[in-house]
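Welcome! Please have a look at the structure below, and then we can walk through some of its details together.

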Amino acid sequence: MKEVTVVKVSGRREMDDFLNVPDIIYAGCAQYVPDMRSDVRAMFAPKTDAGENTPTLQPFVAYKGKDVVGRVVGVINHKANKTWNTRYVRFSMIEFIDDLEVSKALLDAVAVWGKKLGMEKMQGPMGVTDFDKEGMLIEDFDLRGSMTAYYNPEYYPHHMEQLGLVKEVDWLQVRVDIPTEVPARYARVARYAREQFGLKVKKAASHHEVQKGPLGPKIFKLLNEAYAPLFGFAELSPVQAQKFLDKYVPLFNLELIPLIENEQGELVGIAVTMTSLTEALQKSRGRMLPTGWYHLLKALKWKPENNTEMLLIAVRPDYQGMGVNAIFFDDLIPIYNRLGIKWAETGPQLEDNIRELSQWKPMHPQVVKRRRCWVKDIKDIITD
């Protein structure tokens, strides 16, 4: 029997093997949506953001004999641990063949690595930051994935259970058909919020205003305030925020990102939505060359896909419950109809975030793609 070994990624050969694992796991899988390989490489480039906001990362790759059979990234988010008074090592980007020896070896590697650095529990899949992909799919394996959330085979959660991991939290996604008219409830609440609280919709004038101007820092200040109470969240530093702006802003149609301001011109809400890049990413197979760039450009500029991803909604805490979400829908639904967008899917939302989940009721939502964060105590494991 071939021996399973797990090695730290320390050079180009191991990184190439790390990048190739999804090609092995998802060969012929119509639901899987790949990450761009260049983006994954960039995650492990030398970091310039010194201090507590710099997560400690260690990618691993698993071999069975000479065959590449799995991968995982160990993550210590120091800011999150400090914020929540925890000692968690996260596992992220985990992929493995249907072999319990392989999945165990990968998780053991993360646990031992984390224990040596003083961690007491292991959780995942979690992101390097809280704006990265999180949660292992445990339902709806027949539905196609997206660019912003993990897809994984049905055997993955069974491995977690067999290896002693238990549920920490679940996230849900919501899928809705775009109505041809703004539902009366949204229109009524939006009108009231505008009249009573002086709220108005603004759209960024240019990508530069968001990416390099004063608007970008305002957006991330709002996100940090709005998401502070949510599970495991740790605010992003200005350097981390700028990296996200540089990566994603050029992809956005700014018409699909309503900003809500109050009478003083303060930013109190933002909804980030974009036309889906799912088919384009599948056709690119995660590679920009030779033709991946064409598929992405086509989806962004020439022939958008007929669905949208509602990536996030954030409302300043003192304006929550004041109709800001209704203003988002009142603004976006006519635009979606004009662009030929037929349906939308949200990003993962915590199952106990009732206020967030209930906002979709006027559009008759379908709850899909339950995903889970697993946790396991590692205080008693032995490290050599």
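## A salt bridge between distant parts

D246 is partly exposed, with a relative accessible area of 31%; here buried means under 20% relative accessible area, exposed over 50% and partly exposed in between, using a 1.4 Å probe and protein chains only. Its partner is K212, and the closest N and O atoms of this salt bridge are 3.4 Å apart. A salt bridge is a side-chain nitrogen of Lys or Arg within 4 Å of a carboxyl oxygen of Asp or Glu. K212 counts as exposed at 52% relative accessibility. Because K212 sits in the loop between α7 (207-211) and α8 (215-227) while D246 belongs to helix α9 (residues 238-248), the pair ties together parts that are 34 residues apart in sequence. Helices (H or I, at least four residues) and strands (E, at least two) are DSSP runs, numbered from the N terminus.

Before going further, a note on the source: this is a predicted model, in which local features need pLDDT of at least 70 and side-chain atom pairs count only at pLDDT 80 or more, while totals for chains, interfaces and linings use all residues. Residues are numbered from 1 along each chain as its sequence is written, and side-chain values use heavy atoms, leaving out hydrogens and water.

## A network of charges

How many salt bridges does the structure hold? There are 29. Side chains of opposite charge can pair when their charged atoms come close. One network of salt bridges links E139, K167, D170, E351, R370 and R372.

Within this network, E139 pairs with R370 at 3.7 Å between the closest N and O atoms. E139 lies in the loop between β6 (136-137) and α5 (155-162) and R370 in strand β14 (residues 366-377), 231 residues apart. K167 and D170 form another salt bridge, also with an N to O distance of 3.7 Å. K167 is partly exposed at 39%, whereas D170 is buried at 1%.

## Nonpolar cores

In soluble globular proteins, nonpolar side chains tend to be buried together. A nonpolar core is a set of buried Ala, Val, Leu, Ile, Met, Phe, Trp, Tyr and Cys residues joined through side-chain atoms within 4.5 Å. The largest one has 49 residues, of which V89, F91, F96, L107, M122 and M160 touch the most other members. Elements supplying at least two residues each include α1 (12-25), β4 (88-96) and α4 (100-116). With eight residues, α4 gives the most.

A second, separate core has 34 residues, among them M36, F233, V272 and L277.

## Two helices that cross

The axes of α6 (residues 184-197) and α12 (residues 324-339) come within 8 Å and cross at roughly 115°. Axes are lines fitted to C-alpha atoms, for helices over the stretch in contact, and angles run from 0 to 180 degrees between N-to-C directions. Residues in contact (heavy atoms within 4.5 Å) include Y186 and R194 of α6 and F329 and D330 of α12.

## Unusual backbone spots

Most residues other than glycine have a negative phi, and most peptide bonds are trans. Here, the G124 to P125 peptide bond is cis, with omega near -5°; P125 is in the loop between β5 (121-124) and β6.

Positive phi values appear at H364, near 50°, and at K369, near 55°. Are these residues buried or exposed? H364 is exposed at 69%, while K369, in strand β14, is buried at 4%.
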